Amino acid sequence: MIVNPVIFAELCVNASDPAEVNRILDHLKLKFAEIPRTALFTAAKAFLAYRKRGGAKTSPLPDFFIGAHAETTETPLLTRDPSRFRTYFPKARVIAPLP
């Protein structure tokens, strides 16, 4: 499994410093990966589709970066909220626990 910059930032919310998050990632054997530019492009296009469907946010949501990264790199995406990912990233392999 990988953690990209957006996920890393989300993990830092309750951490005392970045080293704490790095220790957790190491312990869980999770790798850090930058978001490729092709995925950033895909995130922008997904956000555009969201806006055309009436989405109210004025800047891309973190899920767009996460979903585009997963879809572009063909990395399975683990989430508890699969609906947005399946809507905007239909080629992504979404793994979601049953409700």
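**Exercise 1. Decide whether Ser59 is buried, partly exposed or exposed, and describe where Ser59 sits in this predicted model.**

Step 1. The relative accessibility of Ser59 is 42%, and the class "partly exposed" covers values between the limit for buried, under 20%, and the limit for exposed, over 50%. Ser59 therefore counts as partly exposed.

Step 2. Along the chain, Ser59 belongs to the loop that runs between α3 (37–52) and α4 (62–73).

Step 3. To place Ser59 in space, take Ala44 as a reference: the two residues are 15 residues apart in sequence, and their C-alpha atoms are 9.3 Å apart.

**Exercise 2. Work out the order of helices and strands in the protein chain, and judge its overall dimensions.**

Step 1. Counting the elements gives 5 helices and 4 strands, and reading them along the sequence gives the pattern β-α-α-β-α-α-β-α-β.

Step 2. For 99 residues, a compact globule would be expected to have a radius of gyration near 13 Å, and because the protein chain has 14 Å, the value agrees with that expectation. Along the principal axes, the C-alpha trace spans about 40 × 30 × 30 Å.

Step 3. Of the 99 residues, 31% are buried, and the accessible surface comes to about 6,900 Å², with 58% of it belonging to carbon and sulfur atoms.

Step 4. Among contacts between residues at least 6 apart in sequence, 49% join residues at least 24 apart.

Step 5. For the charges, one compares the mean position of the 14 positive ones with that of the 9 negative ones, and these two mean positions lie 9 Å apart.

**Exercise 3. Describe the surroundings of Thr79, and state whether Thr79 is buried or exposed.**

Step 1. Thr79 lies in the loop between β3 (77–78) and α5 (82–88).

Step 2. With 12% relative accessibility, Thr79 counts as buried, because the limit for that class is under 20%.

Step 3. A polar atom of the Thr79 side chain lies 3.0 Å from the backbone nitrogen of Asp81.

Step 4. When neighbours within four places in sequence are left aside, the residues in contact with Thr79 are Phe85, Val94, Ile95, Ala96 and Pro97.

**Exercise 4. Examine two residues that lie in helices, Phe41 and Arg84, and assign each to its accessibility class.**

Step 1. Phe41 is part of helix α3, and at 53% relative accessibility Phe41 counts as exposed. The C-alpha atom of Phe41 is 9.9 Å from that of His69, a residue 28 residues apart from Phe41 along the chain.

Step 2. Arg84 is part of helix α5, and its relative accessible area of 28% makes Arg84 partly exposed.

Step 3. Beyond its neighbours within four places in sequence, Arg84 is in contact with Leu61, Asp63, Phe64 and Phe89. For Phe64, which is 20 residues apart from Arg84 along the chain, the C-alpha separation is 8.7 Å.

**Exercise 5. Look at the two ends of helix α2, and then at the phi angles of Lys29 and Glu74.**

Step 1. At the start of helix α2 (residues 18–27), a side-chain oxygen of Asp17 comes to within 3.0 Å of the backbone nitrogen of Ala19.

Step 2. Just after α2, Lys29 has a positive phi of about 60°. Lys29 belongs to the loop between α2 and β2 (31–32), and with a relative accessible area of 67% Lys29 is exposed.

Step 3. Glu74 also is not a glycine, and its phi is positive, at about 55°. The loop that holds Glu74 is the one between α4 and β3, and a relative accessible area of 73% makes Glu74 exposed.

Step 4. To see why such angles deserve a remark, recall that most residues other than glycine have a negative phi.

**Exercise 6. Find which residues Glu34 touches, and place Glu34 relative to Ser83.**

Step 1. Glu34 is in the loop between β2 and α3, and its relative accessible area of 55% places Glu34 in the exposed class.

Step 2. Not counting residues up to four places away in sequence, Glu34 touches Pro5 and His69.

Step 3. Glu34 and Ser83 are 49 residues apart in sequence, and the distance between their C-alpha atoms is 24 Å.

Key: Residues are numbered from 1 along each chain as its sequence is written. This is a predicted model: local features need pLDDT of at least 70, side-chain atom pairs count only at pLDDT 80 or more; totals for chains, interfaces and linings use all residues. Side-chain values use heavy atoms; hydrogens and water are left out. The radius of gyration is taken over C-alpha atoms; the globule rule is 2.2 Å times the number of residues to the power 0.38. Buried means under 20% relative accessible area, exposed over 50%, partly exposed in between (1.4 Å probe, protein chains only). Contact means heavy atoms within 4.5 Å. Accessible areas come from the Shrake-Rupley method with a 1.4 Å probe; for residues, only the protein chains shown count as cover. Lys and Arg count as positive and Asp and Glu as negative; His and the chain ends are not counted. The place of a charge is taken as NZ of Lys, CZ of Arg, CG of Asp or CD of Glu. A polar contact is a pair of N or O atoms within 3.5 Å; within protein, one must be able to donate a hydrogen and the other to accept it, and residues adjacent in sequence count only if both atoms are side-chain atoms.
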